[in-house]
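Open the model in your viewer and keep the selection panel at hand. The stops below each begin with something to select.

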Amino acid sequence: MVTGLINANPIIYEKKQRQQRSTQSLQGDEYTVEPIDHLEVFDILFANFHFCFAFTFIGYRDIKDPEHPYSLEELKVITEEAVEVNDQNSYVRVTFTPTVEHCSMATIIGLCLRVKLLRSLPSRYKVDIRVAPGSHATEAAVNKQLNDKERVAAALENPNLVDMVDECLAPSYE
Amino acid sequence: MAETTQLTRHIESYVDSSSTPTHQVHSHPQFIHQYFSISKSLFSVNNTYALQVASLDAIGVLIKTNALTLEALVRELDMYLTSTDAVIRSRGILLLAEVLTRIQSKPLNSETIHSLVGFFKEKMVDWKAVRGAILGCLALIRRKSVVGMVTGSDAKAIARSFLQNLQVQSLGQYDRKICFELLDYLLEHHADTVASLEEDLIFGTCEAIDLEKDPECLMFAFHIVDSLARLYPDPSGPLASFARDLFDILAPYFPIHFTHPTSGDTHVQRDDLSRTLMSAFSSTPLFEPFVIPLLLEKLSSSLQSAKIDSLKYLRVCSSKYGAERIAKYAGDIWSALKDTLYTYLGEPAFSSTLASIDGIDFPKDEIVIEALSLLQQLVVQNSGQLVTLIVDDEDVNFIINTIASYEMYDTISVQEKKKLHAIGRILYITAKTSIPSCNALFQSLFLRMMDNLGFSVSNVDGLQSGGIFDSQRVKFGFLYICIELLAGCRELVILSEEKQGTYCTILHSFSNVLFNAFGSVLAVSADRCPFDPDIYIGVKGLQILAMFHLDVFPIPKSTFENILKKFMSIIIDDFNKTVLWNATLKALFHIGSFVQNISESEKAMSYRSFVVDKTMELLSLHDIALPFSLKVEALSDIGMTGMKNMLTILQGLEGTVFANLSEVYACRNLTSSEIAVQLLECYSCKLLPWVNENGGAEEFVVQFAVEIWSQAGNSMDSNAPSEEKGLLDAMMKAMKVSVGCCSVESQNVIIQKAYSMLSTHTSFQLNDVERLPLTFGKYDISPRDEGILLLFTSVIIALRPKTHIPNIRGLLHLFILTLLRGVVPVAQALGSMFNKLISKSSVVEKSGELTLEEALDVIFNTKIVFSCNNMLQRCNGSSNGSEMALTDLCLSITNDRSLQTNAICGLSWIGKGLLLRGHEKIKDITMIFIECLISDTKISLPLIEGSHENNEEQKWDPLARKCAAEAFHVLMSDAEVCLNKKFHATIRPLYKQRFFSSMMPIFQQLISRSDSSLSRCLLLRAFAHVMSDTPLIVILNEAKKLIPILLDCLSMLTKDIQDKDILYGLLLVLSGMLTEKNGQEAVIENAHIIINCLIKLVDYPHKTLVRETAIQCLVALSELPHARIYPLRTQVLRALPKCLDDTKRSVRHEAVKCRQAWASIASSRSIRF
């Protein structure tokens, strides 16, 4: 396990104003289908369960500082544009950007994202999690690890890892 | 003698140490662990405490009634007061003190008081008896002068003894509190004598309050500091040398912050404490060198309440310390204020609703409000200095100088926007605070701004005449700042007495420039992609210009008129730019209301001729493109500016409505019909409620209603085409609402007119109808008759109970007959009549006036004659098949199925009328419905005679029975169209609760016994209606019994798509049970069946809300005790995946939450749980 700081002083970005959905008017029609889109997936990852990494994963290993509850969104690890959804083909791809090139937390973040999506999307979906090109030192290895279902399943057999993932995904209703 | 023994007993019962509460518990600690004995002793403690209080009261009464003198009491107490046993002594002294507090109003001579003071004062040395001593002093010192009060020298002696002998901080909470009370009282009421103690007093006070932590004591402590500071106001007096120490004691309390939530026994709130501390802080200017730096430092704290408090304290302290002392901090405070505003001022609301009429509308934030009021205080106090600070401030100058670069709101960067908003607010506050500050701002900033834009005072004249503003030079920032300045200036004008100033002259010379600037931003932003803030700014600017008082800022009349013209042209031409159009209309509305309120005749005249009359003209202009719906909107908004305008608008509306109505009837003009419908809608939905609220136009309303009647009677066509249904509905609604808001007298006028129309213009023979037997099928109702009848029913529905209805019996008969034809409004009118009729018991016998009982008799017993073709197959309890009362009709079997459903429907509205007023006959009516529901089962209801005669061959019409189930919906739901407060229904409180409790056992029994699926279904449906409209609180009490039935209802209702609304209503009842504490127990018992039922509902295809609520209910269930729900977990988790793939986003959203909630109650987890 990592001790000390990986990125002690991350850059905090302002939260972007959410795009307003324009389909509110369709609410009246009972039978219109509202397909799953990238905003919804993004909401699943953030608005809904604003999973608060605090500094747990990005910097200080054991300190959860309630004064600075930075989420992945504020750190721009994931942006709205980085979520790609194709409802018809049941496919979703999330690209995330670790804060530093050699962030050893990248796999954990990726694992959390994957678990969150597996739990929240219909089972017909294929989930693809990737590190943004050029943002990580061992990009290929991380990508391979995250998308290998055997390895993901194995990781989730590890009680320590599961606990950590669950802690990250615990709802913090704002 | 008897009294003396009695007194001794009282004294002993109080002093007796073995039974003093604290003593007893503490002296036998070894028993405390034994539950039994402690509960027993607690009981006796309570008991003895009550006894002791009673003895004290008794002694008090003895003294008050002069049965006992104080001297005698003291003599009696002698032994206790001087005993060497500390416990007895302290009780004795306490007794004397307590007695003294009880005889505050009894006159005592000065000698007694003096000696008592001497005694208690001495006893302060005796720390074991200190409570009695303090309490005694407190009781004495609180005496009013009329009953003999403590003299100055005595008070001083008490104070001296207090300061010498008491170690306040080593006492218990209660003792500390009374100590502080005593000190506080001394400082407050014997200030002059105590003042001479000087340093001793100050030092003693410091010592007493140092490190105090109890909120209640602190309240006094802070107040003591406050009084102390008032005692020595002299800057070189005794307090001066102690100021630092005293403040050091106070400073740690700021900001007041409770680390633990306040428990029930302290009644001191944070805000109270904070306010007292604030007055202590601001009590003397001597604190100034310490307070202001502390506050400025705390202003940068991250604690929200600290910031708010700092700002508040700063404001109060500045006003108390005075301008001179604050002057040296002004710069610091100013920059702190600016920073605060930059951080906390939110995005302004550039919305076309224009909620506030002054300045720009910002979201409310407590910090911002406090900051601005501090600024205002400073501007008032240190006017010159602060204005210089503002004018020379680099941020302000930056904004002013770079205004040119802001062309549109969107082009400004986020940081600069923040600055712009903050500076805008600052200028607004400064301008509105005082005339000198306003003058200064205009002279420096405004002129500089104008210079930057190329309008110097020298070339203003040219612009004045030319008046063309280069649209390229319009800058958003400039206009924004202008608006804030103008808004501030406008408020200043309203608030201040003095009406002239330099700013007036400056504004006057620039009024045309401003008008053109705001005007052109409208033109420009309308051409470009119209973005809200720019439009908002333009409209708002013009609005503020128009709303200046004429006598201060004489914008020339021509400018005012130009503004109105500009707005009107937007109203007429720019209707497709929705934002602009709406904003303009609102602005016109505000200007109109303003002009009306200040009664500036000249402006009002212009407004009337340019806006009101113009809007009226719009109605008759057919060749302009403005859609009629927008015309109507403009019409109603302009009308609502004032009663005078409203009357004009109403007159115009009336004319147009009747012109169009006659057009409709004469030439069948469809567009006229549409126009009339829209106008009537506007009349009944917008104008009438306004008139009703503001009063004074009843004459018009009556006249309008009567006029509709004349029009209807004369010209309603004999065969009205079906398209006129809409028109008739609009007329009915307008009629109903008009009648509803009239007084009894006016209603009498209208009903007379309506009645005469009904009797003369239709083929109903109203005068004969009463004498002849009721014969069904006697009338063939022509569409024209039906129209008039419907209009008449809408009058009846809205009448007040006191209004006299002519020929009520005839009408009743007419209504019953037409009801059977299926005219629903007639049923509603009948319901209203039954609701409002006077009952026999309360009426003085009056000839001709129909009472409720008689009317009921008609319903239940008067036979209706049916002709042969409506031959009845069978009739309940009646020998003659061709003659039956309305109520029998519901239970009979006819050839004509609609006859029965109509009868049931009619009866349900009558029932509703009775239910609302709480009449007992409602029971009979509901029994008829229930009879209908269960008519194919063999249960006989003892309540209804003859029901057992049913033979099995009967085939009831299921449609009629369903109608009976729906009748319960009519009974329970709140009707929009009739029988509500608006239409003066008599409503008994809690009628729903009563009805529910009387119906519940019946339904429960019937449902459990019913053996036919159809009647069970119908019963459930009827009960579902009852439950979903009953207040939740009643349902909760019966939750245990109701849940099984409720779940049955739910699963039954899923079968038919038409039941989705009632299904949803019922599901809401269930979710109410799940979330309320009261229902939980029943829910826990039935958890598994509830979950089974909900799982069936999570994919109910016909209503999104049902799915969403069902999932939310499941979330609520996940909070039940773990052991109860754990077994059900797999079941729920298996049902949820299909919700994750729901077609609706909201359902998926809930499903994700629900899945998380249920998964987390599991111990082991896997990737998909």
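In which hand does α22(B) pass α25(B)? Select residues 414–433 of chain B for helix α22 and residues 476–495 of chain B for helix α25. The model is predicted, and in it α22(B) passes α25(B) in a right-handed crossing. The two axes come within 7 Å and cross at roughly 25 degrees. An angle under 35 degrees counts as roughly parallel, so α22(B) is roughly parallel to α25(B).

Now show the side chains where these two helices meet. On α22(B), the contacting residues include L420(B), G424(B), L427(B) and Y428(B). On α25(B), they include Y480(B), I481(B), E484(B), L485(B) and L492(B). Sorted by class, this contact has 11 nonpolar, 4 polar and 4 charged residues.

**Second helix pair, chain B**

Select residues 897–917 of chain B, which form helix α43, and residues 922–933 of chain B, which form helix α44. They pack at an angle of about 145 degrees, with their axes 9 Å apart. Here the crossing of α43(B) past α44(B) is left-handed. To see the contact, pick I904(B), L907(B), G911(B), L914(B) and L915(B) on α43(B), then I922(B), I925(B), T926(B), I928(B) and C932(B) on α44(B). By class there are 8 nonpolar and 2 polar residues in this contact, and no charged ones.

**The sheet in chain A**

Move to chain A and select its three strands: β1 at 83–86, β2 at residues 91–96 and β3 at residues 126–131. They form an open sheet in the order β1-β2-β3, with mixed pairing. The edge strands are β1 and β3 of chain A, each of which pairs on one side only. Neighbouring strands are turned by 10 degrees against each other on average, with direction ignored.

Zoom in on β1(A) and β2(A), which run antiparallel and are joined by 4 bridges. One bridge to find there is that of V85(A), whose partner in β2(A) is V92(A). Then add α2(A), which packs on the sheet and touches β2 and β3 of chain A. The direction of α2(A) makes about 160 degrees with that of β3(A).

**Where the chains meet**

Display both chains and select the contact between them, which takes 19 residues from chain A and 18 residues from chain B. On the chain A side, the elements that give two or more residues are α1 (38–48), α2 (106–120) and α5 (159–169). Which of them gives the most? That is α2(A), with 4 residues. The chain A side divides into 10 nonpolar, 3 polar and 6 charged residues.

**Colour by confidence**

Finally, colour the model by pLDDT. The model scores ipTM 0.85 and pTM 0.70. Chain A has a mean pLDDT of 71, with 61% of its residues at 70 or more. Among the elements of chain A, the lowest mean belongs to α1(A), at 73, and the highest to β3(A), at 90. Select residues 48–68 of chain A: the pLDDT there is below 50, and the stretch has 45 contacts in the model beyond near neighbours in sequence.

Chain B averages a pLDDT of 80, and 84% of its residues score at least 70. Residues 461–469 of chain B stay under 50 and have 9 contacts beyond four places in sequence. The last selection is residues 938–953 of chain B, where the pLDDT is below 50 and the model has 17 contacts beyond near neighbours in sequence.

Conventions: Residues are numbered from 1 along each chain as its sequence is written. Chains are lettered from A and ligands numbered from 1 in the order in which they are written. Two residues are in contact if their C-beta atoms, placed from the backbone, lie within 7 Å. Ala, Val, Leu, Ile, Met, Phe, Trp, Tyr, Cys and Pro count as nonpolar, Asp, Glu, Lys and Arg as charged, and the others, Gly among them, as polar. pLDDT is the predictor's confidence in each residue, from 0 to 100. Axes are lines fitted to C-alpha atoms, for helices over the stretch in contact, and angles run from 0 to 180 degrees between N-to-C directions. Angles under 35 degrees count as roughly parallel, over 145 as roughly antiparallel, 65 to 115 as roughly perpendicular and the rest as oblique. A crossing is left-handed if the near helix is turned anticlockwise from the far one by less than a right angle, and right-handed if clockwise. Two strands pair if DSSP finds at least two bridges between them.
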